[in-house]
Amino acid sequence: MVRLLSLKKLLLVYFVMSTGALLWLILNFGLFCHASSKEEETLLTKTKELRHWEERLRRRERDLQKKPQEDASLPTIYAIMPTHTRHVQKAELTRLAQTFLHVKNFHWILVEDSDSQTDLVTRFLATCGIKHTHLNIKTPENYQLKETDPNWLKPRGVEQRNVGLQWLRENLDVGRDKGVVYFADDDNTYSLQLFDEMRHTHGVSVWPVGLVGGMRFERPVVEHGKVVRWYTYWRPERPFAIDMAGFAVNLQLILENPQAKFELRVRRGYLESSLLEHLVTMDELEPLADNCTKVLVWHTRTEKPKMKQENYLIQAGRPSDPRIEV
């Protein structure tokens, strides 16, 4: 009987000790596994971040390899471009940047129609890979187009282009800096050939513009190598019946004539003439694009997106996430 009780006690002690040991192993092994899982998760996160930055670096290297190298022998093209906040702004700038990346010695002067430089444009320029200058100036209220106004009712981009000209005159020197000034727009489409042709402009060069003025194209008419008249429907008697996208000016001509600028108070269609009359005569114009017979720039104008459903969601208090930049 004593032997039986002793055996029971021994078995009980063994059972308790075994159970305790097992619980200890389970608890400690579980904690170890949990800690290991956390460490593995941290390691995986760091690895993903590292791979992300490696991929960004590789993409950046590929972009730099694709981008034409600067050539000190080539004049710089200074493209002054007004831009304003709207739904398609970033899409337009992205499309244009992918064209400008292929142009050697290109300096993008982007001027916002705003009281201050916006975060969207600032972030975009920081990663676009193009040499740039970021400026801003607000169009006077009485010259701003209303939502229902036709785009020809008031001159657009006047103050912005003049600020771009002012920057050139304050930062570049007569006789030292060589280049060409072009007045681009963020809703146009440009052939790379256009930049090759305009780069060696001596005074003011001109060419056709497609899909403008309600016509397939407008153009200077050239006879014996000289511009003699303008092919356009709207007031062909204008001194320079030409679109903003249809000419470039030698930088020295801009620097040597500080009085030359765009006038805010001009009749419809006379904005280009308000600048060019200070710089050149029709007889001095340099026709490009095969004597102004080839279209290398177009007024494509991205369609204004319809925001009907977005407006419904705003009214319902459920707008799309404003942190997602479009």
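Let's start inside the protein: tyrosine 182 is buried, and tryptophan 207 is buried too. Their ring centres sit 5.9 Å apart with the planes at 50°, so this pair counts as tilted. Tyrosine 182 belongs to strand β4 (residues 179-183), while tryptophan 207 is in the loop between β6 (204-206) and β7 (209-212), so the pair ties together parts that are 25 residues apart in sequence. Keep in mind that you're looking at a predicted model.

That pair has company. A search of the whole structure turns up 14 aromatic pairs. Take tryptophan 108 and phenylalanine 124: the ring centres are 6.3 Å apart and the planes meet at 85°, so this one is edge-to-face. Tryptophan 108 comes from strand β2 (residues 106-112) and phenylalanine 124 from helix α3 (residues 119-127), so here the pair ties together parts that are 16 residues apart in sequence. Both of these residues are buried. Step back a little and you'll find Trp108, Phe124, Tyr182 and Trp207 among the members of one aromatic cluster, which also includes Phe100, Phe106, Tyr190 and Phe195.

Now for the nonpolar cores. The largest one has 39 residues, and those with the most contacts inside it are Leu165, Leu168, Phe183, Val204 and Phe247. Helix α4 (residues 158-171) gives the most to this core, with five residues. Apart from it lies another core of 33 residues, and Trp108 shows up there, along with Val180, Ala248 and Leu288, among others. Valine 204 is worth clicking on: leaving out residues up to four places away in sequence, its contacts include Phe247, Ala248, Val249, Leu253 and Leu276.

Phe247 leads us to another spot. UniProt, in an unreviewed entry, places the feature "active site" at Glu272. This glutamate is in helix α7 (residues 271-276). Is glutamate 272 buried or exposed? Its relative accessibility is 9%, so it counts as buried. Not counting neighbours within four places in sequence, glutamate 272 is in contact with Ile242, Asp243, Met244, Phe247 and Phe262.

Finally, the whole chain. It contains nine helices and twelve strands, and 39% of its 326 residues count as buried. Among contacts between residues at least 6 apart in sequence, 75% join residues at least 24 apart. The accessible surface comes to about 20300 Å², with 57% of that belonging to carbon and sulfur atoms. As for confidence, pLDDT averages 87 over the chain, and 82% of the residues score at least 70. Residues 1-5 stay under 50, and the model has zero contacts for them beyond four places in sequence.

How values were computed
Residues numbered from 1 in each chain as written. Predicted model: local features only at pLDDT ≥ 70, side-chain atom pairs only at ≥ 80, totals over all residues. Heavy atoms only, no water. UniProt positions renumbered as here; feature names shortened; annotations may be inferred. Helix = DSSP H or I, 4+ residues; strand = E, 2+ residues; numbered from the N terminus. Buried < 20%, exposed > 50% of the residue type's maximum accessible area, 1.4 Å probe, protein only. Contact = heavy atoms within 4.5 Å. pLDDT = per-residue confidence, 0-100. Areas by Shrake-Rupley, 256 points an atom, 1.4 Å probe, with all protein chains shown as cover. Core = buried A, V, L, I, M, F, W, Y, C linked by side-chain atoms within 4.5 Å. Phe/Tyr/Trp six-rings, centres within 6.5 Å; stacked < 30°, edge-to-face > 60°.
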